[in-house]
Amino acid sequence: MGLIDSDGKSQIICKGNASTTEKKTDQVSLKKISSGEYTPFLNVYYDNGSIEVFDTARAAKVTYQNPDTPEAISDYRVLVNLSESIITVDWKEYISNRMDSFVTNVFVDDKLVYQNESDRNSTSADVAYPVDAKKIRIELYYYNDEVISHAAEKTIDLENGEYLKLSSGSATASSQIELQTKVEQQRYALIYVNSEVTEKELKATRADIVNCGEVIKPGDSILYLTLDKNGSNTIYAELLGGNNISYVIDTTIFY
């Protein structure tokens, strides 16, 4: 006996023997079956070592809720690069030993554009999205002992939500460039010009953001940055929004 999930994948949940005149009942543990919709099926084989299916039957689709479904991961970070139309989903700071693998689903305007399952050593995913996208929704799951968890969801409003944008192009004759921001409430930004910033530094600065970050007041505003050398200038800026969503600029401008 087996189950077919909503993606068409099948799995065998029990095996047994019976004769044509025997009525038999088996009990099957579903502790390692994830919640979802399934179509039960039964394949019958000759009892002579043959692998040929003698008969098969399917039941109506059923919805199963596993009472032992793991809780969703506590949180994860999302970096939104509006200039490159890329988001990065990063859960490395929130993993635990009970998480065996991870599933990332990304929907753009309610259409699934990315789905991936990664092992426990993979802790982030980069996903490109169309430049005309209006809304991004992310679902992050993990498997614990073969059972998938509840989803941890985040939604990003690209049309009317917060943002951090670079006004300048890849080359400029002006020593000042503009960063455009929009925030719903007071936020903080990290800004580095021609500084080789590491992830370790960024993590430490985020932890002390009130003292180390630049205050961004509610509404629309413009930040002016000064390029301090001729030639290539590296720019890294990160606006820490709500729900652990950050908007980033990571680029090089020729002056």
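**Pockets and a three-stranded sheet**

By residue class, the lining of the largest pocket comprises 14 nonpolar, 8 polar and 6 charged residues. In this predicted model, the largest pocket encloses about 980 Å³ of space. Its lining is made up of 28 residues, and those nearest the centre of the pocket are Gly16, Asn17, Leu42, Asn43 and Val44. Strands β3 (36-45) and β4 (53-58) each contribute at least two residues to this lining, and β3 gives the most, with 6 residues.

The second largest pocket has a volume of about 770 Å³. It is lined by 25 residues, of which Asp5, Ser6, Asp7, Tyr143 and Ile148 are the closest to its centre. Two or more lining residues come from each of β2 (10-12), β3, β8 (101-108), β9 (111-119) and β11 (135-144). The largest share, 4 residues, is supplied by β9. The lining of the second largest pocket divides into 8 nonpolar, 9 polar and 8 charged residues.

An open sheet of 3 strands was also identified, with the order β14-β15-β18 and antiparallel pairing. Strands β14 (163-166) and β18 (219-226) are at the edges; each has a single partner strand, so one side of each lacks a neighbour in the sheet. From one strand to the next, the twist averages 20 degrees. Antiparallel strands β14 and β15 (residues 176-183) are joined by 4 bridges. Leucine 166 has leucine 179 in β15 as its bridge partner.

Note on methods:
Residues numbered from 1 in each chain as written. Predicted model: local features only at pLDDT ≥ 70, side-chain atom pairs only at ≥ 80, totals over all residues. Heavy atoms only, no water. Pairing = 2+ DSSP bridges. Axes fitted to C-alpha atoms, helices over the stretch in contact; angles between N-to-C directions. 1 Å grid on protein atoms, 1.4 Å probe; cavity = no way out; pocket = protein on both sides within 12 Å on 5 of 7 lines; lining within 4 Å. Points joined across faces, edges and corners; volume = space filled by probe spheres on them. Nonpolar A, V, L, I, M, F, W, Y, C, P; charged D, E, K, R; others polar.
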